[in-house]
Structures are given as C-alpha cells and as structure tokens.
Amino acid sequence: MLEVQNLSMRFGGLLAVDQVSLDVNEHEIVAIIGPNGAGKTTVFNCMSGFYKPTGGKILFQGKEIQGTPDYKISRLGLVRTFQHVRLFSRMTVVENLLVAQHRHLNTNLLSGILNTPNYREKEQKSLDRAAYWLDRVGLTDMANREAGNLAYGQQRRLEIARCMVTEPRLLMLDEPAAGLNPAETKDLNRLIISLKEDYNVSVVLIEHDMSLVMDISDRINVINQGRPLASGTPDEIRRNDDVIKAYLGEA
Amino acid sequence: MIANNLKHALFCAVITLVISYPILGFNLVARGVDITLTGADATTLVMVALAALIVFGFQLFRDRIVGTITDITRPGFGTHKEPMEENRRARIESWVLTGILVLALFWPFFVSRGSVDLATLVLIYIMLALGLNVVVGLAGLLDLGYVAFYAVGAYTFALLSEYLGVSFWMALPIGALLAALFGLLLGFPVLRLRGDYLAIVTLGFGEIIRILLNNMTNLTGGPNGIGGIPEPTLFGMEFGRRVKEEGNTSFHETFGIAYSSEHKVIFLYLIALVLAVITALVIRRLMRMPVGRAWEALREDEIAAKSLGLSRTAVKLSAFTIGAFFAGFAGTVFASKQGFISPESFVFLESAIILAIVVLGGMGSQMGVILAAIAVTILPELAREFSEYRMLIFGAAMVLMMVWRPQGLMPMRRIHIELKKQE
Ligand SMILES: Nc1ncnc2c1ncn2[C@@H]1O[C@H](COP(=O)(O)OP(=O)(O)OP(=O)(O)O)[C@@H](O)[C@H]1O
Ligand SMILES: [Mg+2]
C-alpha cells in the first residue's frame, strides 16, 4: 500500500537520506532501525509531507504523494506520531482527541452555531470515538486533565490514540517506546499488534528498542548514514553481518 | 547578593533621575517671541528626588516586597482553590449571568444620560475585545491593526448612509460582512508570517486604512470626517424630535409620550447590549465547536495540528475573519452612537487599548475580557483629574499585571466534557 522508491533528502551539503526504498503491505508492521542520525526521522518527515524530498518517489495506494502538503497527506489516511511527543498540552485529553477529528471544519459553521440535530449527532459520534479510544489506551480517568500534566507514558499512549481517532490506513510511529519502562513497553507492544489485528492498520515504526522491534515486526529495514543497509524478516536481520557490524561498531 | 541588589537599585535610581529631571525639572516659558528655559521650582525638585529614593528603596527590597504581595494575593484568587463540583458551578454561573443581564436591561432607566452613554461605549469595547480575543487569545495571532476592521465597519455605515441613505439595520450586517471580507483579504497573504512579522504587518495595515481614510478626501471627507450619521430606528420609528426621513414616524408621538432625548440614548444602549450579548454567545459557542478547538490546537502546536489534517491557512483565516466580523459590528454601532466619525477615532492607540483589554482579561477567557473592558473604559472616566496620566496609569497597570498575574484577571478555564462510559 505504501511504496518508497529511491528517496533522497539533501540539506545543503548534507545528504541525510540517500536512495532509500521501502514498501509496506496491507496488514503489516514494518520497522525502520539504524544508529542515531541515520536519517530515520527524515524519511518519516518526507513521507508525512513535512519535507519535500529532493529525489525519489513516494506512492500511497498507487498515488504519488511526495511534495503534497502535510495536512492533505494526513487526510489520505497516513498519520504519524513524533519522536518528541507533540500534544496540545494546554487542552484536555478529550479535546486532544476531538481536535483530531476536525479536518472538515468550514462546512458546519452555521449548523454548529445553531446547534442543529445533524451537528449534534456528529459531535456525539466524535465524542463516542474519543471515549472508545481513551478506554482502549486506559486513559478514561484522565479525560478532563490537561494533556501536558499526564505522565510521559500516558502522553505517548494519548498520541497514538489521537492518531487512531482519525481512522488512518497507515500509522507511522517515531520511537514510540522511547522513555517507557519495561512494563509500559510490553503494553505498547500489545497495543501495536492489536492495531494491526483488530483495526486493520498497517504500521511503520522507528525504534531503538530491539526486543520490541524483533517481537512485533513483520519486516525490518536498516538504514545507516542515510543509506539502506539491509532489509528482511527479523531473523534475517538478526543474522546479517553488515547489520551486526554497524551496530556493534557503534556500540 | 546584597551587593548585587544595591548596585541594581542604585542604577535604577540614577536612571529615574536622569529621565525625570530633564522632563519635569525644566520648563519652557514663552516670553514674547522668545522661548526660554527655566528651572522648575523647589517642590518639583524635591518630588523628583523623592521618586528616585522610592525607586531605590523598592529595588533594594524588591524580592521581599514582591514575595509578600504574591503571598497575599495567592489564596484569594480562584485558580488554587479546591475546584467546585462541575454541574453546580455551571448552574451558579448561569444564574449570576442572567441576573447581571436583567440588571443591565433595566439599569439605564434609572441613571443619568451620561452614564448610559458611557455604558454604550463599554459595550462597544466589549464587542471589540471579544472579537480580538478570538484572534489573539484563542488563535494566538498577534494582530496590532485590529482597529482597521472597526474602521471598516464604521465607515461602511457612514458612507452608505451618506451616499445611499441606507439605514442602521441594513448597514449592520453589511458593515460586519465587509469587515470580514477585509479580514479574509488581508489574512491570505499575511498569515504565512509568524509572530513578530505578523504583528508588524497588521500594524502597517491598520495605519494604511487610517491614512487612506484621511486622504481620500472627496469620498470620506478626510480629516473632517463624516457627520449626520443616522441613529437606529425601531420598526420605522425615529427617536429625534422631528422625523427626518419620509415614511417614518417618531417614537414619542406613536406612544403619546413627551419627547425626551434620553430615549435615543437608552435605545442605543439596548441595541449595543443585545449585540454584545449576541457576540459573546456566538463566540462562546464557537469556542466549543470544532473551529474553536482547531484555533487552540494550532496555537498550541502547529506541526501536530497539521499532522492531524488541519489546514493551517483555513484555520487561521477563519479566526482572522471572524474576529474582523465582530469588529465591523462594533464599528457600525460606534458610528451610529457618535453620529460623526473621522480617522481620529481609529488610531493605533485604539488597537493597543483593545489588545490591552484582552491581555489584562486573560487570553481566551470571555468573562475576564468583559471585566477588563469595563475596567479599562470606566476607570479613566472616573479619574478625570488624572486624565493626563492616563497612559502612565495604564502602563503601570500592565506592568503590575504581568508581574503578579501574567495569566490575566480570569484565566481561561477549560470546559469539562462528560463522556459516556464504555461498556
Ligand atoms: N531540517 C534539517 N536541516 C538540516 N539537517 C537536518 C534536518 N533534519 C535532519 N537533519 C540531519 O539529518 C541527519 C539525519 O537526522 P534524523 O533526525 O533523520 O536521524 P534519526 O535517524 O532520526 O536519528 P535519531 O535516532 O537520533 O532520531 C542528521 O545528521 C540531522 O542533523
Ligand atoms: Mg529520529
């Protein structure tokens, strides 16, 4: 469903991403791993429309999307989280989930002011969806807290819930386990698998936590210094000499 | 620490001296054709020295003074109290508001004409501030040229009535819509800019509108302004002693009561009241709607908002346009109240005052903004003898607010949303 072909991204003299290709099928979890500064987040930024790549193609459900504005890509069903959590921290937890469902706001200005039945029904639907996902990630009790006051692990889960209420086709998670304790990581592990199994969402994930990656990924792409290094199933990657060298050399 | 404080305090005292001595200590006196410089009398000099001393003392013990005052104010103000139960609070709030509204409806019949007139002005400022609150407080766009949209509303009515004889009720929506259109047109190129740049461009836009009005003499009358703007009518009834327009009747004759110039003032007040209430209600509603949340989301984190499918331009434009719309509303009422407008009424200072109201009230908070509008408009009228020092008091109030209550008089409170429990 997603195909990245020979993606390149140059910042001035720095070639941050060099000829990276990857593809994601329906119903699949694909991981991108690589040492710090390898260019993983940059690949995400190109895919989500934050950067216009300097070379290569990105196809989502058969349509070229490189250079399409970010908000339009997200409306296609390609939604992401961030390496550093980005919540609307002074809004409440529910409000965070409501905002995510507000992409078509101009159509209902008048019906909203007049509070027509049609409008109320739509609002109720958004609320129900928000309530459902709060329950799903275990944040129902926090619904009316300010998002900025949540614990870090809760913020991470809220960010994922916020993506899910938009009903995406493909979810991009940038280091979702960073800063989580082992128990929380295990929960996250289960959540991501359930996203795939129960909600039919494909997932691309960037992660440093190898146990998580090896556990849940169907396929793994390794990037090193902007260049693709290897790709394959977790078992293949585990045995790949180049990968071992790159990682052990780093460590 | 103490040496540091002492140095700082000395520095501040010297600065006070350096600034105030030349300003207060010298007088220009006209003797025939010449102007000569004379020193001030002894009392002024003593006062200057005293002021420097006070500044010195305050800066020396600043930490302690500020600390005590913060301690005093802390428990008294709402934010740190145990939160009241949500439903009860909402009920009490709506009762209080209804009470205030009923009072506001009947109050003008018992007071002097001057106070009603002032109250009308307060209501106009409330409308303006509520509108700007959308742009600055909710959407986080620093607009320093807000007064331009106010001017558009006022001049729309003035010109329409001057050239086409359009009545207040017709001009009210037209003025507001035209102001909104200006907001939209200006917004398009400008909203790409961020923070400071946006502020500067909107500031420029405000001045452009004013200067245009000043210079398009054959259309707007330039600095002489436009007079003879009609008052609103009540179902075709005029409030003047004699009927001006054919087909209209006069209010006092229809009801068989003696003519009184107060009727007109009270009627205008009531119109302003109704419009202000409508403004408040509509914006309150907007804040709870998807648009309102989108404004805040974009202010909080633009990148996250975009990643969730919110179009930055659409969201910002909607805030800008809606803000402008209400300024146009207020402008029409203002033109009708004054009966005469000129570019003088739409200077930058006006924008600054409205912005100050929003900041003082607490960005995003409607109640706060309304309180601040009342305070900022009425206090200078009460303290007429201090009118020369108006800006000084104003500035001091701003500084004090920023030190002790940077979140404003009544910070915005989030609405509590009840969720249905999941089975
Ligand atoms: N906007 C930018 N302008 C200039 N250089 C950038 C920009 N964004 C990223 N880079 C550079 O591109 C390289 C890759 O960065 P990127 O953030 O993609 O790495 P990463 O693989 O996500 O690393 P990490 O694991 O630390 O998150 C880095 O050298 C970074 O400095
Ligand atoms: Mg990264």
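**Exercise 1. Into which domains is chain B divided?**

Solution. The model is a predicted one.
Step 1. Take the lower-numbered part: domain 1 of chain B covers residues 2-73.
Step 2. Take the other part: domain 2 of chain B is made of two segments, 111-234 and 261-404.
Step 3. Place the two domains relative to each other: their C-alpha centres are 37 Å apart.

**Exercise 2. Find where the second largest pocket lies with respect to the domains of chain B, and describe its lining.**

Solution.
Step 1. Begin with the volume: the second largest pocket holds about 620 Å³ of space.
Step 2. List the lining. There are 13 residues, and those nearest the centre of the pocket are Val55(B), Gln59(B), Leu392(B), Ala396(B) and Val399(B).
Step 3. Assign the lining to elements. In chain B, helix 1 (2-25), helix 2 (42-60) and helix 17 (390-404) each give two or more residues to this pocket.
Step 4. Compare with the domain bounds. Domain 1 (2-73) and domain 2 (111-234 + 261-404) of chain B both contribute to the lining, so the second largest pocket lies between them.
Step 5. Sort the lining by class: 11 residues are nonpolar, two are polar and none is charged.

**Exercise 3. Describe the surroundings of ligand 1 and name its polar contacts with Gly37(A), Gly39(A) and Thr42(A).**

Solution.
Step 1. Count the shell. Ligand 1 is surrounded by 14 residues, and the closest are Gly37(A), Lys40(A), Thr41(A), Thr42(A) and Gln83(A).
Step 2. Sort the shell by class: seven residues are polar, five are nonpolar and two are charged.
Step 3. Look for elements. In chain A, strand 2 (14-24) and helix 1 (40-47) each supply at least two residues of the shell. Helix 1 of chain A gives the most, namely three residues.
Step 4. Check the backbone atoms against the cut-off for a polar contact, which is a pair of N or O atoms within 3.5 Å. A backbone N or O atom of Gly37(A) is 2.9 Å from an oxygen atom of ligand 1. For Gly39(A), a backbone N or O atom is also 2.9 Å from an oxygen atom of the ligand.
Step 5. Turn to a side chain. In Thr42(A), a side-chain N or O atom lies 2.5 Å from an oxygen atom of ligand 1.
Step 6. Finish with the cover: on its own, ligand 1 has 630 Å² of accessible area, and the protein covers 65% of this.

**Exercise 4. How many cavities of 30 Å³ or more are there, and which residues line the largest cavity?**

Solution.
Step 1. The count is one cavity of 30 Å³ or more.
Step 2. The largest cavity has about 30 Å³ of space.
Step 3. Its lining consists of Ser48(A), Phe50(A), Asp70(A), Ile73(A), Ser74(A), Leu78(A), Val79(A), Arg80(A) and Ser307(B).
Step 4. Helix 2 (70-76) and strand 6 (78-80) of chain A are the elements that give two or more residues to this lining.
Step 5. By class, the lining of the largest cavity has four nonpolar, three polar and two charged residues.

Methods: Residues numbered from 1 in each chain as written. Chains lettered and ligands numbered in written order. Predicted model: local features only at pLDDT ≥ 70, side-chain atom pairs only at ≥ 80, totals over all residues. Heavy atoms only, no water. Near = heavy atom within 4 Å. Polar contact = N/O pair within 3.5 Å; in protein donor to acceptor, adjacent residues only side chain to side chain. Areas by Shrake-Rupley, 256 points an atom, 1.4 Å probe, with all protein chains shown as cover. Helix = DSSP H or I, 4+ residues; strand = E, 2+ residues; numbered from the N terminus. Nonpolar A, V, L, I, M, F, W, Y, C, P; charged D, E, K, R; others polar. Domains from an automatic or database assignment. 1 Å grid on protein atoms, 1.4 Å probe; cavity = no way out; pocket = protein on both sides within 12 Å on 5 of 7 lines; lining within 4 Å. Points joined across faces, edges and corners; volume = space filled by probe spheres on them.
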